[in-house]
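This briefing goes through one protein model by topic. Please keep the sequence and the 3D view at hand while reading.

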Amino acid sequence: MTVFVIVEGPSDVGFIEGLAKKLGICVEVRPARGNRPDKVKRKVNVLMGTARKIIVLKDQHWRPELVDNVQRMLAGLAR
């Protein structure tokens with residue numbers, strides 16, 4: 001099974017791939033393609049069957065209501 005890392009954009013993909021290579025870690029990096037938690041949730045749902053672990057790295061200015069929304073949406077998906 002694979003470790004997936006979901007990031008915001010293309011520069012994040014390159015950074016995480018480079019970091020993983022330096023650390024000798026095998027990961028598959030996927031861009032979130034947008035700033036919508038519902039899109040990330042759908043991507044996580046699709047990857048659940050084939051993933052050993054899914055890590056979501058999200059840049060976001062602190063907005064408590066958005067943090068609460070993301071936590072609620074992903075809470076049921078945690079293993």
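A residue counts as exposed when its relative accessible area is over 50%, as buried when that area is under 20%, and as partly exposed in between. Cys 26 has a relative accessible area of 69% and is therefore exposed. The model is a predicted one. The protein contains three helices and three strands, and from the N terminus on its elements follow the order β-α-β-α-β-α.

**Overall make-up**

- The protein has 79 residues, and 25% of them count as buried.
- Among contacts with a separation of 6 or more, 70% are between residues 24 or more positions apart.

**Strands and their pairing**

- Strand S1 (2-7) pairs with strand S3 (residues 51-56) through five bridges, and the two run parallel.
- Within this pairing, Thr 2 has Ala 51 in S3 as its bridge partner.
- S1 also pairs with strand S2 (residues 28-31), again in the parallel sense, over four bridges.
- Here the bridge partner of Phe 4 is Glu 28 in S2.
- Five of the six residues of S1 are buried, which leaves this strand mostly covered.
- In a regular strand the side chains alternate between the two faces of the sheet.
- S2 has Val 29 and Pro 31 on a covered face, while Glu 28 and Arg 30 are on an uncovered one.

**Nonpolar cores**

- In soluble globular proteins, nonpolar side chains tend to be buried together.
- The largest nonpolar core here consists of seven residues: Phe 4, Ile 6, Ala 32, Val 40, Val 44, Leu 47 and Ala 51.
- At least two residues of this core come from S1, and at least two from helix H2 (37-47).
- H2 contributes three residues, the most of any element.
- A second core, separate from that one, has five residues, among them Val 7, Val 13, Ile 16 and Val 29.
- Beyond its neighbours within four places in sequence, the core residue Ile 6 is in contact with Arg 30, Ala 32, Lys 43, Val 44, Leu 47, Ile 54, Ile 55, Val 56 and Leu 57.

**Cavity**

- Rolling a probe the size of a water molecule over the atoms shows where empty space is left.
- The structure has one cavity of 30 Å³ or more, and the largest cavity holds about 30 Å³ of space.
- The residues lining the largest cavity are Ile 6, Val 7, Glu 8, Ala 32, Val 40, Val 56, Leu 57 and Lys 58.
- Six of the lining residues are nonpolar and two are charged, with no polar residue in the lining.
- Ile 6, Ala 32 and Val 40 appear in this lining and also belong to the largest nonpolar core.
- Val 7, another lining residue, is part of the second core.

**Selected residues**

- Cys 26 sits in the loop between helix H1 (10-23) and S2.
- The C-alpha atoms of Cys 26 and Val 3 are 7.3 Å apart, although 23 residues separate the two along the chain.
- Ala 51, in strand S3, has a relative accessibility of 1% and so counts as buried.
- From Ala 51 to Val 3 the C-alpha distance is 5.8 Å, with their positions 48 residues apart in sequence.
- Lys 43 belongs to helix H2 and, because its relative accessible area is 22%, it is partly exposed.
- Not counting residues up to four places away in sequence, Lys 43 touches Ile 6, Arg 30, Pro 31 and Ala 32.
- One of these contacts, Ile 6, is 37 residues from Lys 43 along the chain, and their C-alpha atoms are separated by 8.6 Å.
- Leu 66 is in helix H3 (residues 64-75), and at a relative accessible area of 15% it is buried.
- Leu 66 and Pro 37 are 29 residues apart along the chain, and 8.7 Å separates their C-alpha atoms.

Technical notes: Residues numbered from 1 in each chain as written. Predicted model: local features only at pLDDT ≥ 70, side-chain atom pairs only at ≥ 80, totals over all residues. Heavy atoms only, no water. 1 Å grid on protein atoms, 1.4 Å probe; cavity = no way out; pocket = protein on both sides within 12 Å on 5 of 7 lines; lining within 4 Å. Points joined across faces, edges and corners; volume = space filled by probe spheres on them. Nonpolar A, V, L, I, M, F, W, Y, C, P; charged D, E, K, R; others polar. Core = buried A, V, L, I, M, F, W, Y, C linked by side-chain atoms within 4.5 Å. Buried < 20%, exposed > 50% of the residue type's maximum accessible area, 1.4 Å probe, protein only. Contact = heavy atoms within 4.5 Å. Pairing = 2+ DSSP bridges.
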